[in-house]
Amino acid sequence: MTIDLTPPTKPTLGTCYYPEQWPKEQWQNDAHQMVELGLTWVRIAEFSWGVLEPTPGELCWQWLDEAIDVLGQAGLKVVLGTPSATPPRWMLDKWPDMLATDNSGHARKFGSRRHYCFSHLGYREESVRMAALMAKRYGNNPYVQAWQVDNEYGCHDTTYSYSDAAKRGFRVWLQQNYANINVLNEAWGNVFWSMQYNNFEQIELPNATVTEANPAHHMAYRRFSSDQVCDFNLAQVQAIKTFSKAPVSHNFMGRITDFDHAAMAQNLDFVTWDSYPLGFLEDRVNATSEHQRQYDRQGDPDFQAFHHDLYRGVGNGRWWVMEQQPGPVNWAPYNPAPLAGMVRLWSWEALAHGAEAVCYFRWRQAPFAQEQMHSGLLRPDSSLAPCYAEICQLAQEIECFPISKGKADVALVFDYTAQWAWEIQPHAANTSYFDLVFDCYKALRKQGLSVDVLPPSALETQEVCDQYKVLWAPGLMHMTQCLKDILVHAKGHVVWGPRSAAKTQDMAIPVPLPPNIDSLKVTVHSCESLRPDRPIALDQGGYVINYRELLDTNANVIEQTMDGEPVLIQHDKQLYLAAWLDQTCWQRVVKSVCGMANVPTLDMPEGVRCRNTGTHLFWFNYDNKHHDVSEQLLEPGGVLIQ
Ligand code: GAL
């Protein structure tokens, strides 16, 4: 086998496997059974440091040599994980200060995983040492066809650390980003409350202040923390690339926004993410209990698709699902089993959004330790779990199926720094940038649209921008002049707001007042947040919820409140949305703006979503009822491909 770096033309399937957790005698059977099922990929070793190096410097490769051999000879391609998410216990004896510290100043303990601080340079060196050792040994192994660095950065709330290592790193980062201390004092507005510093060594991390720390201080810390994660990753990527030509990846998560995934993806050959639809619905979607009840065995109809579109957009477009939920998980507040058909539906949906591969977590359920209540493709006794038959069916269905990334008419911008800005200054208990963008995404999907989710860095050229008929850019609290200019000159319609360009890079209100974009003919003169029980009615129906801005404008008013305050205004192809809308209103706005741009919309039945790949039109039924779709009856959990 040689390393193939060209994008594949047909999708593949795989699984996550832990040879070190099973007797050697089982490996061969497992490998053959994987191949028989139709799997191509097997990801291994990402938590194996304890067996690779049981004591400092004692390297035990033999088991991994054999495991790779058994899997490879059976016909599988290996994704080899570097094990830096699980430093062994002795590492703490060597580096007692390597643990991350929580915001009340307590070190997080050994006994699970991800127990390290990204800023600890000693541990960073250790992780690079191990990545280099692995790459040296397996970099030319024909069975190792891809790499995964670490596992799920940010999982278990591990991006932020308030350790001494982080404090040292932060001070260096500040010196690199502000010419001198006076520049920093000025940029942060430290004259307020006498917060001026005399030198960088006086600056602490923004935890444990008496009341809130300066938003500029918080924002700098967020940017710093994100850079630390990216640098940690890059150091391992470089070590691997010194010895191996195989592509390198990392597995992102659902709704983890603490570091800039687009920045990290610049240094990855492809990105992957881990999709747990039922766990997410209970834990991360921020849904009403009625919605949770309705979709408890299917997952939210838009949450997975949003992440597929987001992660397709953050890098070079090449992406996989590295971990697909196969049955009940162990970690959400409630963990039901999926409705029959859903494992196949989730997998097809990923492929319809352009995934090159879908891998299932995990091959066999572990009978011991933390995740024993997490299902796999096999039960602990190797009997087949219900998803097995669905995956078997899927493996046959995807034979000869072309991969297509699709081409959307509408784009939605998602910016990690905007997420941090909203977290730092939400201006209300119920506002979140992620939820704002996701509300917009849901409305687009409920109108039958396929969407490209793009980071601002993807819009750095006018050419990319001009491919879209409508661009939605809600909530971008800080915007670079370059991004503003590109959107102002877009060929398509652009919907800005709310809170567009409302802050400088250092979280101050700019003067002239926002959004300060000539072509928009609008100034936001004030804003307010709303109690959940005090929405504001619009004159065409629906409500403003959570947040709204008050405008000075003489542009054309498309939506307004009952008492005549403008909510959506238009000047030529540029529109400004001055509020957070409920779904009724979002959908009306989507229809009317798409109407202006000649983009056809279609009211989707409850729980039904579609995706146009350019070669095929997919329909997915997330509802627990049958629905008529394109003159065919689609059962709950059903997929229709046209
Ligand atoms: C993921 C993680 C896996 C496993 C899985 C359980 O977040 O990467 O190692 O813990 O969750 O659902």
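Trainee: What makes F47 and H374 part of the ligand's surroundings?

Mentor: In this predicted model, a residue is near a molecule if one of its heavy atoms lies within 4 Å of it. The residues around the ligand include F47, R113, N151, W331 and H374.

Trainee: How do you know that E371 makes a polar contact with the ligand?

Mentor: The cut-off is 3.5 Å between N or O atoms. A polar side-chain atom of E371 lies 2.3 Å from a ligand oxygen, so this pair is a polar contact.

Trainee: What about H374 and E323?

Mentor: For H374, the distance to a ligand oxygen is 2.7 Å. For E323, a side-chain N or O atom is 2.8 Å from a ligand oxygen. Both pairs count as polar contacts, because the limit is 3.5 Å. The protein covers 96% of the ligand's 310 Å² of accessible area.

Trainee: Which pocket does the ligand take up?

Mentor: The ligand's space is the largest pocket. The shell around the ligand holds 4 nonpolar, 2 polar and 5 charged residues.

Trainee: Now the strands. Why are β15 and β16 called paired?

Mentor: Pairing needs at least two bridges. β15 and β16 have 2 bridges, so they pair, in the antiparallel sense. One bridge sets I536 against V544. The two strands form a hairpin with 5 residues between them. In the turn, G541 has a positive phi of about 105°.

Trainee: How do you know that β16 also pairs with β14 and β20?

Mentor: β14 and β16 share 7 bridges, with T523 opposite D552. β16 and β20 share 3, and V544 has L581 as its partner there. Both counts meet the minimum of two, so both are pairs.

Methods
Residues numbered from 1 in each chain as written. Predicted model: local features only at pLDDT ≥ 70, side-chain atom pairs only at ≥ 80, totals over all residues. Heavy atoms only, no water. Polar contact = N/O pair within 3.5 Å; in protein donor to acceptor, adjacent residues only side chain to side chain. Areas by Shrake-Rupley, 256 points an atom, 1.4 Å probe, with all protein chains shown as cover. 1 Å grid on protein atoms, 1.4 Å probe; cavity = no way out; pocket = protein on both sides within 12 Å on 5 of 7 lines; lining within 4 Å. Sits in = over half its atoms within 2 Å of the grid points. Nonpolar A, V, L, I, M, F, W, Y, C, P; charged D, E, K, R; others polar. Helix = DSSP H or I, 4+ residues; strand = E, 2+ residues; numbered from the N terminus.
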